[in-house]
Amino acid sequence: MNFRPTRFFWLVATTLLITTVLWAGANQDSLLRASLSPWRALAQLAGLWSTSTAILALLSIVRSSAMEFFFGGLDQAVRLHRKLGLAALLLQGGHVLFMTIFLASRGVSVALALVPEASNVRRLDIVVAYALLLLGALAYGRWLRHEWWLRLHRLIGLLFLAGIVSASTLNGVTQAFEPLRTWVVILFLLGSVAWIYQAFLFRAYGPRFRYQLVTATLRNHDIVDLLMRPTDKRMMYLPGAFVFLRVPGFKGSNRELHPFSISSSPNERELRLSCRRVGDYTEQLATLASLAPNQTRDLDLYGPFGAFTPHHYAPYRRMIWIGAGIGITPFLSMVAFERGNQDFRRIWLYYAARSPEDAVYDQELKDNIARADSLID
Ligand SMILES: Cc1cc2nc3c(=O)[nH]c(=O)nc-3n(C[C@H](O)[C@H](O)[C@H](O)COP(=O)(O)OP(=O)(O)OC[C@H]3O[C@@H](n4cnc5c(N)ncnc54)[C@H](O)[C@@H]3O)c2cc1C
């Protein structure tokens, strides 16, 4: 198999390597004398790796193009975030387990690793570890409804940050070695900035474009097209990109921003989102179709984000595109862009819809394919 390391791979590998080298520096005497208990070593490493992966998980979902560079687009970053989050939680569990085994092997009460009140200092890190393991089990075991998971999700980042502070201030390996302490402080600061930006600052300081709704058209019983034009500066984007949509005044618009792929061509000034009704927010979007023609509506678009675009695969001249249901939206943009991109590729587009009535973009696709610069089947 041909393994090509990505930027994400190098980022994770470098972070863990620095953490491990500094941990070895902190334990150099006992490592040289081979007197470090393997259980203690595993407990320390699992704790420090958990910290490192948790910070990377927080950084991965920062909605910024700088972070997209490392994580290969926000859509990909969200997938990596899930893996990093799971790794951080498992390592946290490993830390507790190895610490317990280490204490037991020394004939010391395991309560010191498991009960917050067992030692003379109140161990907030143990409370945090339990809270994280519980939330992790609820989330990854899929026992929570998606809405509840979203609500608790922010708490996980905050808990990790609280856990790092409380674990690092204890008289342990981090405290004992200045370079390791500095590294953990750097990680902590990066994670905190990422968390605060994501939770509080993104709406005000993120890449926001104000658009005005031109038309909202119901394409069938549950798909609505929102066509909008910029009121100030126009968003420049690649075909296949997505944005976060905020409609001021909509219920829940301050709590959560909803992602939608752009379904129009970047060549056009007017930007289109095609949204399928599946829940509270998209139900409200559908009501925009009943606005009177003279009623205007301002919309905020945050973005563009994502790396799901043919531009990222420039050397590949033959491509297979597969879309299903409303998942056709990024391909609508790509195919529309083919009308004038003066590039030639051989593309096979496969599109599945539940019924002919659900294939509402069929004609549009056919029209654009007929005028495309590439050969599309
Ligand atoms: C990158 C990206 C691009 C997208 N592009 C489009 C697009 O072009 N057009 C379009 O119609 N939709 C698109 N979506 C999906 C769209 O964001 C959601 O359908 C919308 O946010 C749902 O909001 P809601 O409040 O209406 O529904 P909700 O009430 O949030 O959800 C409705 C139902 O779906 C479940 N659900 C919602 N999101 C998830 C999830 N992530 N994981 C598991 N279950 C979930 C909920 O539990 C609920 O049962 C895209 C999503 C992403 C991530």
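Two strands count as paired when DSSP finds at least two bridges between them. Keep that in mind as you open this predicted model, and let's start with a pair of strands.

**Stop 1: strands 1 and 2**

Select residues 208-218, which make up strand 1, and then residues 223-230, which make up strand 2. These two strands run antiparallel and are paired over seven bridges. Which residue stands opposite T217 in strand 2? Click on D225 and you have found the partner of T217. Now follow the chain from strand 1 into strand 2: the turn between them is a hairpin, and four residues make the connection.

**Stop 2: the other partner of strand 2**

Keep strand 2 selected and add strand 5, residues 271-276. Strand 2 and strand 5 are antiparallel, with six bridges joining them. To see one facing pair, pick L226 and look across to L273 in strand 5. Is strand 2 mostly covered or mostly open? It is mostly covered, since six of the eight residues in strand 2 are buried by the cut-off of under 20% relative accessible area.

**Stop 3: a salt bridge from strand 2**

One residue of strand 2 to look at next is R229. Show its side chain together with that of E270: the two meet in a salt bridge, 3.3 Å from N to O. E270 sits in the loop between strand 4 (258-261) and strand 5, so this pair ties together parts that are 41 residues apart in sequence. Both ends are partly exposed: E270 has 26% relative accessibility, and R229 has 31%.

**Stop 4: L299, in strand 6**

Move on to strand 6, residues 298-305, and select L299. Is L299 buried or exposed? Its relative accessibility is 0%, so L299 counts as buried. Display the neighbours of L299 beyond four places in sequence, and you will find F209, R210, Y211 and L213 among them. Others on that list of contacts include M228, L245, R246, V247 and P248. You can also draw a distance from the C-alpha atom of L299 to that of R229: they are 9.7 Å apart in space, with their positions 70 residues apart along the chain.

**Stop 5: a network of charges**

Side chains of opposite charge can pair when their charged atoms come close. For a group of such pairs, select R208, R210, R246, D298 and D300, which are linked in a network of salt bridges.

Zoom in on R210 and D298 to begin with. Their closest N and O atoms are 3.8 Å apart, and the two form a salt bridge. R210 belongs to strand 1 and D298 to strand 6, so to speak two distant parts of the chain, 88 residues apart. Both are partly exposed: R210 has a relative accessible area of 33%, and the value for D298 is also 33%.

Next, turn to R246 and D300, whose side chains meet in a salt bridge at 3.0 Å from N to O. R246 is in strand 3 (residues 242-246) and D300 is in strand 6, 54 residues apart. This pair is buried at both ends: R246 has 15% relative accessibility, and D300 has a relative accessible area of 0%. Across the structure, the count of salt bridges comes to 16.

**Stop 6: around the ligand**

Now centre the view on the ligand. How many residues are around the ligand? There are 17, and H258, P259, R276, T282 and T329 come nearest. Three polar contacts are worth showing as dashed lines:

- S274: a backbone N or O atom is 2.9 Å from a nitrogen atom of the ligand.
- Y281: a backbone N or O atom is 3.0 Å from an oxygen atom of the ligand.
- T329: an N or O atom in the side chain is 2.8 Å from an oxygen atom of the ligand.

**Stop 7: the three-stranded sheet**

For the last stop, select strands 7, 8 and 9. They form an open sheet in the order 7-8-9, with parallel pairing. The edges are strand 7 (318-324) and strand 9 (375-376), each pairing on one side only. Strand 8, residues 346-352, is joined to strand 9 by two bridges. One bridge to find here is I347 with its partner I376 in strand 9. Finally, add helix 12, residues 329-337: it packs on the sheet and touches strand 7, strand 8 and strand 9. The direction of helix 12 makes about 140° with that of strand 7.

Key. Residues are numbered from 1 along each chain as its sequence is written. This is a predicted model: local features need pLDDT of at least 70, side-chain atom pairs count only at pLDDT 80 or more; totals for chains, interfaces and linings use all residues. Side-chain values use heavy atoms; hydrogens and water are left out. Contact means heavy atoms within 4.5 Å. Axes are lines fitted to C-alpha atoms, for helices over the stretch in contact, and angles run from 0 to 180 degrees between N-to-C directions. Buried means under 20% relative accessible area, exposed over 50%, partly exposed in between (1.4 Å probe, protein chains only). A salt bridge is a side-chain nitrogen of Lys or Arg within 4 Å of a carboxyl oxygen of Asp or Glu. A residue is near a molecule or strand if one of its heavy atoms lies within 4 Å of it. A polar contact is a pair of N or O atoms within 3.5 Å; within protein, one must be able to donate a hydrogen and the other to accept it, and residues adjacent in sequence count only if both atoms are side-chain atoms.
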